[in-house]
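This report examines the fold, the packing and the polar interactions of one protein chain. The sequence and the coordinates are shown below.

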Amino acid sequence: MGSTYRVKAVSALDNEIKIPTQIARDTGIRTNHISKVLSELKNEELVECINEDAKKGRLYRLTSTGQEIADEMK
């Protein structure tokens, strides 16, 4: 997983569906950083956007692999 931001983002999405602003608020990470972290996690197939066509209010959740990692971190 590597970065602290990635770990915090995965923890924030543990069994949750959230928009980036909620993740930023829950983790204390600035929104512009969350967008980059989500993009990285998405490329690693740990996170998925469930409403990709939305311009605002995109919803993110962990993939099954991402959820397994979140469960291991507990």
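The sections that follow go from the overall architecture to the first helix, the salt bridges and two buried loop residues.

**Overall architecture**

The structure is a predicted model. The chain contains four helices and two strands, and these elements succeed one another along the sequence in the pattern α-α-α-β-β-α. The C-alpha trace spans about 35 × 25 × 20 Å along its principal axes. The radius of gyration of the chain is 11 Å, which agrees with the value near 11 Å that a compact globule of 74 residues would have.

Of the 74 residues, 35% count as buried. The chain exposes about 4700 Å², and carbon and sulfur atoms supply 45% of that area. Among the contacts with a separation of 6 or more, 47% are made by residues 24 or more positions apart.

**Helix α1 and its cover**

Helix α1 comprises residues 4–12, and its buried residues are Arg6, Ala9, Val10 and Ala12. These residues lie on the same side of α1, because they cover an arc of only 160° around the axis. The cover over them includes α2 (20–27), α3 (31–43), β2 (60–62) and α4 (64–73).

At the N-terminal end of α1, serine 3 acts as a cap: one of its side-chain oxygens is placed 3.1 Å from the backbone nitrogen of tyrosine 5.

**Salt bridges**

Side chains of opposite charge can pair when their charged atoms come close. A search of the whole structure returns eight salt bridges. Three of the pairs, including their N to O distances, are listed here.

| Pair | N to O distance |
|---|---|
| Lysine 42 and glutamate 52 | 2.9 Å |
| Glutamate 48 and arginine 61 | 2.7 Å |
| Lysine 74 and aspartate 71 | 3.5 Å |

Lysine 42 and glutamate 52 form a salt bridge. This pair links distant parts of the chain, since lysine 42 belongs to helix α3 and glutamate 52 to the loop between β1 (47–49) and β2, 10 residues apart. Lysine 42 has a relative accessibility of 31% and therefore counts as partly exposed; glutamate 52, at 34%, also counts as partly exposed.

The salt bridge between glutamate 48 and arginine 61 likewise links distant parts of the chain, with glutamate 48 in strand β1 and arginine 61 in strand β2, 13 residues apart. Glutamate 48 is partly exposed, its relative accessible area being 31%, and arginine 61 is partly exposed at 33%.

In the pair formed by lysine 74 and aspartate 71, lysine 74 is exposed, with 65% relative accessibility, whereas aspartate 71 is partly exposed at 39%.

Besides these pairs, a network of salt bridges links Arg6, Lys36, Glu40 and Glu44. Arg6 is also one of the buried residues of α1.

**Lysine 18**

Lysine 18 is located in the loop between α1 and α2. Is this residue buried or exposed? Its relative accessibility is 10%, so lysine 18 counts as buried, the cut-off for that class being under 20%.

The side chain of lysine 18 takes part in two polar interactions described here. One reaches the backbone oxygen of alanine 12 at 2.9 Å; the other is a polar contact of 2.4 Å with the side chain of aspartate 26. Beyond its neighbours within four places in sequence, lysine 18 is in contact with Ala12, Leu13, Ile23, Asp26, Arg58, Leu59 and Tyr60. The C-alpha atom of lysine 18 is separated by 19 Å from that of threonine 4, which is 14 residues away along the chain.

**Threonine 63**

Threonine 63 occupies the loop between β2 and α4. With a relative accessible area of 15%, threonine 63 is buried.

Which backbone atom does the side chain of threonine 63 reach? The partner is the backbone oxygen of glutamate 45, at 2.7 Å. When residues up to four places away in sequence are not counted, threonine 63 touches Glu45, Leu46, Val47 and Glu48. Of these, Glu48 is also the salt-bridge partner of arginine 61.

Methods:
Residues numbered from 1 in each chain as written. Predicted model: local features only at pLDDT ≥ 70, side-chain atom pairs only at ≥ 80, totals over all residues. Heavy atoms only, no water. Buried < 20%, exposed > 50% of the residue type's maximum accessible area, 1.4 Å probe, protein only. Arc of directions from axis to C-beta. Contact = heavy atoms within 4.5 Å. Polar contact = N/O pair within 3.5 Å; in protein donor to acceptor, adjacent residues only side chain to side chain. Salt bridge = Lys/Arg side-chain N within 4 Å of Asp/Glu carboxyl O. Rg over C-alpha atoms; globule rule 2.2 N^0.38 Å. Areas by Shrake-Rupley, 256 points an atom, 1.4 Å probe, with all protein chains shown as cover.
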